[in-house]
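User: I have a structure open and would like to go through it in small steps. Can we start with a single residue and work outwards?

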Amino acid sequence: MNLQDKRLDEYAALLVRIGVNIQKGQTLVIACPVDCAWFARKCAAAAYEAGCREVVMNWKDDALTRMRYLQAEDSVFDVTPVWQQEFYNNYAKEGAAYLVISATDPMNLAGVDTERVTRVTRATGRDFAVFYAGQMNNSFPWCIGSVPIPSWACKVFPDKSEEEAMDALWEAIFAAVRVSGKGDAVARWQEHTARLAARTKILNDYRFASLHYKNALGTDFTVQLPKGHLWMGGADVSRAGNPFIANMPTEEIFTAPDKETANGVIYASMPLVEDGNIIRGIRFRVENGKIVEATADEGQDVLRAAITVDEGASYFGELALVPYDSPISNQKILFYNTLFDENAACHIAFGEAYPCIENGENMSREELGAHGLNYSITHVDFMIGTPDLSITGITADGKEIPVFVDGNFAF
Ligand code: ZN
Ligand code: ZN
């Protein structure tokens, strides 16, 4: 077996064994582009080998998605078929593992009416509520991983031929997910998640009342953290008690802000790719948690549409810490894919908060809201990390503790 085949097998097994951590007798749902069926087969083989009950496919296709947005009857964008609701919600109730092979042309929805995309987000948010709630509170194990497709690879490496771009994107992904072909990926992930867990514990032990972000780009804002907030990172634990890794790669440690407490100015440090549009030069002014001014050098309309999908979309739901010095960030590549780009830099999300609070997974939406956690049907990460970013944690008794110095963890 050549090196490439070894790495592919190691990667598929990693997603199944460590990513969703498939258990004997458990159903595995795989969402995958039809172009990557060959890779889904590798994942399915690894799952059956681990004693999986059944692999069920949820096929995706960029071209058909685009065609539907452009040409389907307008009424279809507000409804979801009952069979699809049952597909998502019933597998979620069953506790089936959900593996997403995310590979899409970043420009696939360019020129599509953004209103239609927003309506679909609303309809699926409403109709697949059991699925999305289960994903948010870890009632079933899920994992998102990526494999290259030519349209995506050529966007990331515009100066290379299609074949060279595919090879380069594979190399970048293997480096990001710590797959070498030597069979040590599982051990390296155990080491990596242990390091994330150690830093998470340090952050949780400080019980910060607020954070202050500042860099030369112009970001200068403060935000309070809810009482009982929890920093999370690395492995999650499903309701059935099994660890899983929701994103591969993952470099972040994150928590949720108290939704009405952010104040100041925030500059994005990288472009944001949203529904096939590239938004560059984002600047937000925030008052009492709400984005009161949103400007961008490019894609401002798309940005403003994204933060007004619903009431919660103009409030923040996530604060994530990612060292500037990490295997993804060090590659200095814009992936045009949030899975990678969000793990290259500190980021904030507008929209839904994960229940990052003591006992949060058992709280209703109203209870989470009462603790200051934001609710929205959307959740969009934008990057704010720079090599000079400083983040200071302020404890309840007013002590100032450096959390980030010059773009990296102070501890
Ligand atoms: Zn994040
Ligand atoms: Zn996020």
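User: Is alanine 262 buried or exposed?
Analyst: This is a predicted model, and in it alanine 262 is buried, with a relative accessible area of 3%. The cut-off for buried is under 20%.

User: Where does alanine 262 lie?
Analyst: Alanine 262 is in the loop between β10 (253-255) and β11 (263-267).

User: And what is alanine 262 in contact with, leaving aside neighbours within four places in sequence?
Analyst: Its contacts are Phe221, Thr222, Val223, Val286, Glu287, Asn288, Gly289 and Phe316.

User: How far is alanine 262 from valine 405?
Analyst: Their C-alpha atoms are 21 Å apart in space, and 143 residues separate them in sequence.

User: New topic, the metals. Which residues are the protein donors of the zinc ion (ligand 1)?
Analyst: They are Glu252 (OE), Glu318 (OE), Glu342 (OE) and His347 (NE2), at 1.9 to 2.7 Å from the ion. Their spacing in sequence is E-x65-E-x23-E-x4-H. Within that set, glutamate 318 sits in strand β16 (residues 316-321) and glutamate 342 in the loop between α11 (338-341) and β17 (347-351), so this pair, 24 residues apart, links distant parts of the chain.

User: Are glutamate 318 and glutamate 342 buried or exposed?
Analyst: Glutamate 318 is buried, at a relative accessible area of 2%. Glutamate 342 also counts as buried, with 5% relative accessibility.

User: What about the donors of the zinc ion (ligand 2)?
Analyst: The protein donors there are Glu318 (OE), His379 (NE2) and Asp381, which appears with two OD entries, and they lie 2.0 to 2.6 Å from the ion. In sequence the donor residues are spaced E-x60-H-x1-D. Histidine 379 is partly exposed at 23% relative accessibility, while aspartate 381 is buried at 8%.

User: Glu318 came up for both. How far apart are the zinc ion (ligand 1) and the zinc ion (ligand 2)?
Analyst: The two ions are 3.3 Å apart, and glutamate 318 coordinates both.

User: Why is the arrangement around the zinc ion (ligand 2) irregular?
Analyst: Its 4 donor atoms subtend angles of 53 to 136°, which makes the arrangement irregular. For four donors to count as tetrahedral, all angles must lie between 85 and 135 degrees. The site of the zinc ion (ligand 1) is irregular as well, with angles of 75 to 154° among its 4 donor atoms.

User: Let's move to helix α9. What span should helix α9 have at 1.5 Å a residue?
Analyst: Helix α9 has 22 residues (185-206), so the expected span is 32 Å, and its end C-alpha atoms are 32 Å apart, which agrees.

User: Which residues of α9 are buried?
Analyst: They are Ala185, Trp189, His192, Thr193, Leu196, Thr200, Leu203 and Asn204. These residues cover an arc of only 115° around the axis, so they are on the same side of α9. The face turned away from that buried side carries the exposed residues Glu191, Lys201 and Asp205.

User: What do the buried residues of α9 pack against?
Analyst: They pack against α1 (3-19), β7 (232-233), β10, β16, β20 (400-405) and β21 (408-409).

User: What follows α9?
Analyst: Arginine 207 does, and its phi is positive, near 45°. The C-alpha atom of arginine 207 is 8.9 Å from that of isoleucine 394, although they are 187 residues apart along the chain.

User: Where is isoleucine 394?
Analyst: Isoleucine 394 is in strand β19 (residues 390-394). Leaving aside neighbours within four places in sequence, its contacts include Phe208, Ala209 and Lys399.

Technical notes
Residues are numbered from 1 along each chain as its sequence is written. Chains are lettered from A and ligands numbered from 1 in the order in which they are written. This is a predicted model: local features need pLDDT of at least 70, side-chain atom pairs count only at pLDDT 80 or more; totals for chains, interfaces and linings use all residues. Side-chain values use heavy atoms; hydrogens and water are left out. Donors are N, O and S atoms within 2.8 Å of the metal (3.2 Å for Na, K and Ca); water is not among the atoms, so sites may look incomplete. Four donors count as tetrahedral if all angles lie between 85 and 135 degrees; four count as square planar and six as octahedral if opposite donors are over 155 degrees apart and all others between 65 and 115; anything else is irregular. Helices (H or I, at least four residues) and strands (E, at least two) are DSSP runs, numbered from the N terminus. Buried means under 20% relative accessible area, exposed over 50%, partly exposed in between (1.4 Å probe, protein chains only). Contact means heavy atoms within 4.5 Å. The expected span of a helix is 1.5 Å times one less than its number of residues. The arc is that of the directions from the helix axis to the C-beta atoms.
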